[in-house]
Every structure is written in C-alpha cells, then in structure tokens.
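Please look at the sequence and the structure shown below before reading on. The report moves from the chain as a whole to pairs of helices and then to single residues.

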Amino acid sequence: VTASESRGTCVERSIQQFLERLRVERGAAKNTLLAYRTDLDQFRRVLAARGVAAPEELNAAVLESYVGWLHRQGYRPATISRKLAAARSYLEYAGHASGIRGETLRKVLRAPSNPRSEPRTLSPEELDRLLEAPMRRKSAGAIRDGAILSVLYETAFRAAEIVNLQLGDLNIEAALLLKPPARVEAYAIPRSVEPLKRYLRESRPQLSKQPGEQTLFLNQRGNGLSRQGLWLVVKRWASDADLGDDLSPQTLRHTRARDLLQAGHSRREVQTFLGLSSPNAIRIHRATRGAETE
C-alpha cells in the first residue's frame, strides 16, 4: 500500500466517522446521510485528483480550486450551495487534522451569489400573440383557455385565485369579477367579457359533467381546473405562439403590472391592484420606471 493510498484510506475513514457522528449524535435521516455521502465522496475524489489525500494537506488554495471546479461543472447555485455546505460541515469536524480555521472555511467555501433575476414580461406584440393563439381554435379547451389567458392578464390574479373563481364571482353584464378568497374587491374586465361569454356559451356546457358545479373554469373531466392545469394552459399556448418555455401565470401578472406603470399609475395604485402588502414588493423590469413586481 502506497503512502498516498494510505492517506486516501485515512480520508475515507474520516468521512465515514463524520457520517456516523451525524447519524448517532444528530439523528440525521437516511436521505440526509446519503446526500452527504454522495457530495463528500465527490469532494474527496476531486481533491485526490489534485494530489490531496489527507486532511492535513488541505489549505485555502486547494479549497478555492474545488469551488472553481464546481462552478465549471455548470451546477445550479442551489446545488453548489449544498455541496459546499457538506464540505464545510465535514471540514469543521476534521478541522483538528486539517488545521484550517473556521473563518477560512466560511470565507472560501461560501455559497455562490444568486442574484434575484428580473421576471420576464411580454412585449405588447408577444402578449397579443399569446392571447390570440387559442382564439384560432374551436375546441372547448381552446375556447376556455382563451378566456383564462385574458382574465389572467386583465386581473393580474394569482394562479390560486384564478382556479378558485366561482360562477357567482362573475357579473358578465357589468364586466366585473370578484377576487377570491375574500370576494370583496370587484375588478373591471372589459377586455375579457367577450372571451368569457364565448366560454360560457360554447365551451363550459361541453366541459360540465357534474350538475351544480360552480367552479368557473373546468377541466376536461368536469372538475375545477387545478393550479397545475393552469400552468399547463399557459405553457401550451406560449409554445403555440413561439414564446419559449419560461412563461407561467406569473408572467402575465408581471406584464400587467408593467403596463399599469407605463400607463401612469403610481406604485401605490399598482400595489393595491396586485394585492401586495407593500409597494416595495413591486419588482418588474428596471427599464420600466425603475419599478418591479413580485
């Protein structure tokens, strides 16, 4: 057995002892131990490839090379953070052998920065393409989806609010829609009246299979549309309109907020419209009057 192999075995034994400590002293769950084992085995192999096989051979430069290697593999920030957390925990345990101080570990093996990305909004042309896509079809599902997309944009309701809409929330003659769950705020929906009328006239009767069902938007089985179903509606028509695969119900909410700001509404007015607790929660593209939507 070579000296390097002996040291390597020593590292493996040290990791095993660390995992056993997690299991016995901290009561770590089986899945937690498995995740630690996988990440630490990778950590050991990467360091071994750099000639490091024992804790006492570690230094800040070696750890920095490991951080750089993780980034070059294209891992997501959350994955890198998890792997670095595992390495930190192990090295804190093995610190007496490595001689690396805790503050050095925290500095070198710090989680990657993950700046909050700006949410996507649709240009007027993209919005028109999305809203018009289902209107070209005559199926019950397409007619329903046209009404859903129109309401999503015009009200900027959250996904949960859309799927919880009831028939009684809609006053089609007054072009008003009550907002769940409190149902004390009425939103004007002049743009959505025609798509909704068509849905109620041509589509919902075909989808309805349960007498007395009061949910406004139904799925193919006659039940209320789920949040997952709503996401699929947006994804389907975004694909049909060649708008990419990163659209969600929230995209229409962001787009509506941006359009309101561009139309001259104040941040406070947009906050109230979106149902946010503070205007500071508004976060959309910085090019739009420097404001943002959640």
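Of the 294 residues of the protein chain, what percentage count as buried? In this predicted model, the share of residues that count as buried is 45%. The accessible surface of the protein chain comes to about 15400 Å², and carbon and sulfur atoms account for 49% of that surface. The secondary structure of the chain is made up of 13 helices and three strands. Among the contacts between residues at least 6 apart in sequence, 57% join residues that are at least 24 apart.

**Two pairs of helices**

How do helix 3 and helix 4 lie relative to each other, roughly parallel or roughly antiparallel? Helix 3, which covers residues 60-72, and helix 4, which covers residues 77-93, have axes that come within 10 Å and cross at roughly 160 degrees. Because angles over 145 degrees count as roughly antiparallel, helix 3 is roughly antiparallel to helix 4. The crossing in which helix 3 passes helix 4 is right-handed. On the side of helix 3, the contact is made by Leu63, Tyr66, Val67, Leu70 and His71, while helix 4 contributes Ile80, Lys83, Leu84, Ala87 and Leu91. Sorted by class, the residues of this contact are eight nonpolar, one polar and one charged.

A second pair is found further along the chain, where helix 12 (residues 249-262) packs with helix 13 (residues 267-274) at an angle of about 150 degrees, their axes being 10 Å apart. Helix 12 and helix 13 are therefore roughly antiparallel to each other, and their crossing is right-handed. In this contact, Arg253, Arg256, Ala257, Leu260 and Leu261 of helix 12 meet Arg267, Val270, Phe273 and Leu274 of helix 13. The classes here are six nonpolar, no polar and three charged residues.

**Single residues in the loops and in a helix**

Which residue in the loop between strand 1 and strand 2 has a positive phi? The residue is Ala175, whose phi is near 55 degrees, a positive value in a residue other than glycine. Ala175 is placed in the loop between strand 1 (170-171) and strand 2, and with a relative accessibility of 15% Ala175 counts as buried.

Asp242 also has a positive phi, near 60 degrees, and is likewise a residue other than glycine. The loop that holds Asp242 runs between helix 11 (227-240) and helix 12, and Asp242 counts as exposed, with a relative accessibility of 63%.

A further backbone feature is the peptide bond from Pro180 to Pro181, which is cis, with omega near 0 degrees. Pro181 has its place in the loop between strand 2 (176-178) and strand 3 (186-188).

Glu202, by contrast with these loop residues, lies in helix 10, which covers residues 193-207. The C-alpha atoms of Glu202 and Ile143 are separated by 7.8 Å, although these two residues are 59 residues apart along the chain. The relative accessibility of Glu202 is 31%, so Glu202 counts as partly exposed.

The table sets out the accessibility of three of these residues.

| Residue | Relative accessibility | Class |
|---|---|---|
| Ala175 | 15% | buried |
| Glu202 | 31% | partly exposed |
| Asp242 | 63% | exposed |

Notes. Residues are numbered from 1 along each chain as its sequence is written. This is a predicted model: local features need pLDDT of at least 70, side-chain atom pairs count only at pLDDT 80 or more; totals for chains, interfaces and linings use all residues. Side-chain values use heavy atoms; hydrogens and water are left out. Axes are lines fitted to C-alpha atoms, for helices over the stretch in contact, and angles run from 0 to 180 degrees between N-to-C directions. Helices (H or I, at least four residues) and strands (E, at least two) are DSSP runs, numbered from the N terminus. Angles under 35 degrees count as roughly parallel, over 145 as roughly antiparallel, 65 to 115 as roughly perpendicular and the rest as oblique. A crossing is left-handed if the near helix is turned anticlockwise from the far one by less than a right angle, and right-handed if clockwise. Contact means heavy atoms within 4.5 Å. Ala, Val, Leu, Ile, Met, Phe, Trp, Tyr, Cys and Pro count as nonpolar, Asp, Glu, Lys and Arg as charged, and the others, Gly among them, as polar. Buried means under 20% relative accessible area, exposed over 50%, partly exposed in between (1.4 Å probe, protein chains only). Accessible areas come from the Shrake-Rupley method with a 1.4 Å probe; for residues, only the protein chains shown count as cover.
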